[in-house]
Amino acid sequence: MSSFKNGVKWAVPCISLVLNTDVYSGSEKYLLWVWHNRLYLYTAAALCFGLWFSLKMVLKKKSVPSDLVLWVQKSAEKNDRAEVHVSGVKIFYGSQTGTAKGFAAELSEEVKTLGIPSEVIDMKDYDPDDQLADECTSRTVCVFIVATYTDGRPTENAQWFCKWLEEASTDFRYGKTYLKGLRYAVLGLGNSAYVGHYNTVGKNVDKWLWMLSGVRIMTRGEGDCNVVKSRNGSVQDDFLAWKAHFLRRLQALARGDSGSRSSKSSCMKTDGADHEGEEPTLTNHSSEEELMETSSDEEQSDERTSGSVVDVEDLGNLMDSVKKSKVPETHVSVIVFYSFIKGERKGSNKEGASREMITPTLRNALTKQGEKQPGQMLQMLQWEGRGGCYKHTFYGIESHRCMETTPSLACANKCVFCWRHHTNPVGTEWLWKMDPAEKILEEAMEKHQNMIRQFKGVPGVLPERYQEGLAIKHCALSLVGEPIMYPEINTFLRLLHSQRISSFLVTNAQFPQEIRNLVPVTQLYVSVDASTKDSLKKIDRPLFKDFWPRFLDSLRALGEKRQRTVYRLTLVKAWNVEEMQSYSELIALGQPDFIEVKGVTYCGESSASTLTMANVPWHQEVVAFVRQLADMLPQYEIACEHEHSNCLLIAHTKFKVDGEWRTWIDYERFQELVEAHEASGGTRSFSALDYMSQTPHWALFGAQEQGFDPADTRFQRRNKTKDVSGC
């Protein structure tokens, strides 16, 4: 109770102190004033302290001799000038056919001309686990020129490097900053016709380096082997354009310009739709039309508003620029978001627009190969009296009167033995501007005749054959590409027949419905380059994903034809000569009238193929193969041989009448039959047996002439020490 009373006695004065300030003493009033104005006092104290500290620093600086300060400043400037921003460039290449390797060497020489050390490195000779991290601190710039091989896989020499990079990008033991500080650029090489795998390796290498905190010095470049869709006309020109951008960027880095648009938020686009279940690929772009972007300010401003995929870091800049143009912001937001998601590309063809089939680059390449343009290509066969081609031996074609042409350069395959080295465009459908059939035939005949006229008076040219050559009698639609892709192919065939010109059409067995829709052809070929799905994919490298069902259906479609049909087998040593049983099954499927078996022809070194002379079989090897194959086909026998072309003909026994082969063609009879067919509106049909003709003895298999027409003069090599026929 006493404590309570004491507490009350203490509280009463306090309350009265608050209610009545008059009772404060002088010291108490001073303390109360300080408390109420404490904020101003603190500010004044801080200001005084700042003035004192600044004054002290000024006095201290004045105590340093002026000449010493000047020396320090000059030394700093000198060190800045002497600093090396790029110590060198290392160019890594992943190459299967030598293209990427050649580009790496060319780029290295260009870099050296800038006074910067450069080194070309084969990926298989480089251990990324031990060496790649060192590039992060060495001030080097790493360039990766990588090609995409079959099914989107790396080339053989890049497989280990890519495998390590992929695993490291997701391995916690390395961490997400393992390659922090690594400056790099990537150029991918591929073919846009392979939609599901276009430049997959280049995209992945770029993604994995980015995931490990590598810094792009410029956007990934893409070289396209598809001459139709290549932005610059060819993979070589794509490389040259990318190289020019890279060298400019390298020079900027060497000057110390570290500005780069390649941050971790840079240019992300998801390509996850290509490969279900795979991690989305982070790329700067994936368009064949948008080969590259650069880091220069001028070009960035153009590209960032060009309709390409918009960089995340550029959205703000784009919004600012559009605001300045007084476009409603709500509309801008919708446009930017739509473009970012859809990934619209600059220069992409609008629906219905058609490209030129022959680009300037393609025209130059084909002109070097001796072709005649425009609209078609044409080749003269041997006709000077030194022996015709194998079609003369097998079917009675007069080589000097045979016009070889095509209404379509495009093809749906990229065969390893393509004798055009893939300079022609590729595609799975007709995408190009189309010349009318009348124009193509007219120009083809004109070019053929002009070529023959160039041989007038040339020693060795027989005068009678010169005159005959001006009158075209045969047309081989097999020069290059896939003639059956041409939308007006039936019109073209009818025009040939109206000129009484025979038709020999070759297709690569990827368009079964077009085969079924064909009007009668003098002889219809299907190329059977392999007998199994895996080997066909390896040799023909088809563009269609369902290439095998298409291939089999094409053979069935061939079997439905009543006119002459032929399987053309091209033997590639160490590739397809061991598939005997499978070949016999395919022959049973299509039941062709004839089977041509020919050793592959080596057409020189090419970056588009790994084929060498080692893959060319000797004629004796082709004969041995044909013997074994014929023994497995009860209704077929070896009929003819043309040793000079390394080729043999297996024929159905229905063409062996009274013990004599009738593989030759009665061309006049065929023209009468096809004319009657057209006159009847297609109701009056005819078969291959209606226009067959007897085969001469010298063309038969086992004859001493081995397919060489004795009416011609054969010229042998001088100092011939061994038989190299067919090679």
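**Close-up views of a predicted model**

**View 1. The buried residues of helix H15.** The buried residues of helix H15 are Ala-437, Ile-440, Leu-441, Glu-443, Ala-444, Met-445, His-448, Met-451 and Ile-452, as they appear in this predicted model. These buried residues pack against three elements, namely strand E7 (402-405), helix H16 (463-469) and helix H17 (489-498). A general rule helps in reading such a list: an α-helix has 3.6 residues a turn, so residues three or four places apart point the same way. Helix H15 itself runs over residues 437-453, and because its 17 residues should span 24 Å at 1.5 Å a residue, the 24 Å between its end C-alpha atoms agrees with what is expected.

**View 2. A nonpolar patch on the surface.** Tyr-30, Leu-31, Trp-33, Leu-41 and Tyr-42 form a nonpolar patch on the surface, and together they have about 630 Å² of accessible area. Helix H2 (26-36) and helix H3 (38-62) each supply at least two residues of this patch, while the largest share, three residues, comes from H2. One of the patch residues, Leu-31, has its place in helix H2. Is Leu-31 buried or exposed? Leu-31 has a relative accessible area of 59%, and because a residue counts as exposed over 50%, Leu-31 is exposed.

**View 3. The aromatic pair of Trp-164 and Tyr-174.** A search of the whole structure finds 24 aromatic pairs. One aromatic pair is formed by Trp-164 and Tyr-174, whose rings lie 5.7 Å apart, centre to centre, with 85° between their planes, an arrangement that is edge-to-face. Trp-164 lies in helix H7 (residues 159-170), whereas Tyr-174 lies in the loop between H7 and strand E4 (183-190), so the pair ties together parts that are ten residues apart in sequence. As for accessibility, Trp-164 is buried, because its relative accessible area is 4% and buried means under 20%. Tyr-174, at 23% relative accessibility, counts as partly exposed.

**View 4. Phe-394 and Tyr-395 in an aromatic cluster.** The rings of Phe-394 and Tyr-395 have their centres 5.9 Å apart and their planes at 80°, so this pair is edge-to-face. Phe-394 is buried, and Tyr-395 is buried too. Which residues form one aromatic cluster with Phe-394 and Tyr-395? The cluster also includes Tyr-390, Phe-504, Tyr-525, Phe-594 and Phe-655.

Terms used:
Residues numbered from 1 in each chain as written. Predicted model: local features only at pLDDT ≥ 70, side-chain atom pairs only at ≥ 80, totals over all residues. Heavy atoms only, no water. Patch = residues over 30% accessible without salt bridge, like charges linked within 9 Å, V, L, I, M, F, W, Y side chains within 5 Å. Areas by Shrake-Rupley, 256 points an atom, 1.4 Å probe, with all protein chains shown as cover. Salt bridge = Lys/Arg side-chain N within 4 Å of Asp/Glu carboxyl O. Helix = DSSP H or I, 4+ residues; strand = E, 2+ residues; numbered from the N terminus. Buried < 20%, exposed > 50% of the residue type's maximum accessible area, 1.4 Å probe, protein only. Expected span 1.5 Å × (residues − 1). Contact = heavy atoms within 4.5 Å. Phe/Tyr/Trp six-rings, centres within 6.5 Å; stacked < 30°, edge-to-face > 60°.
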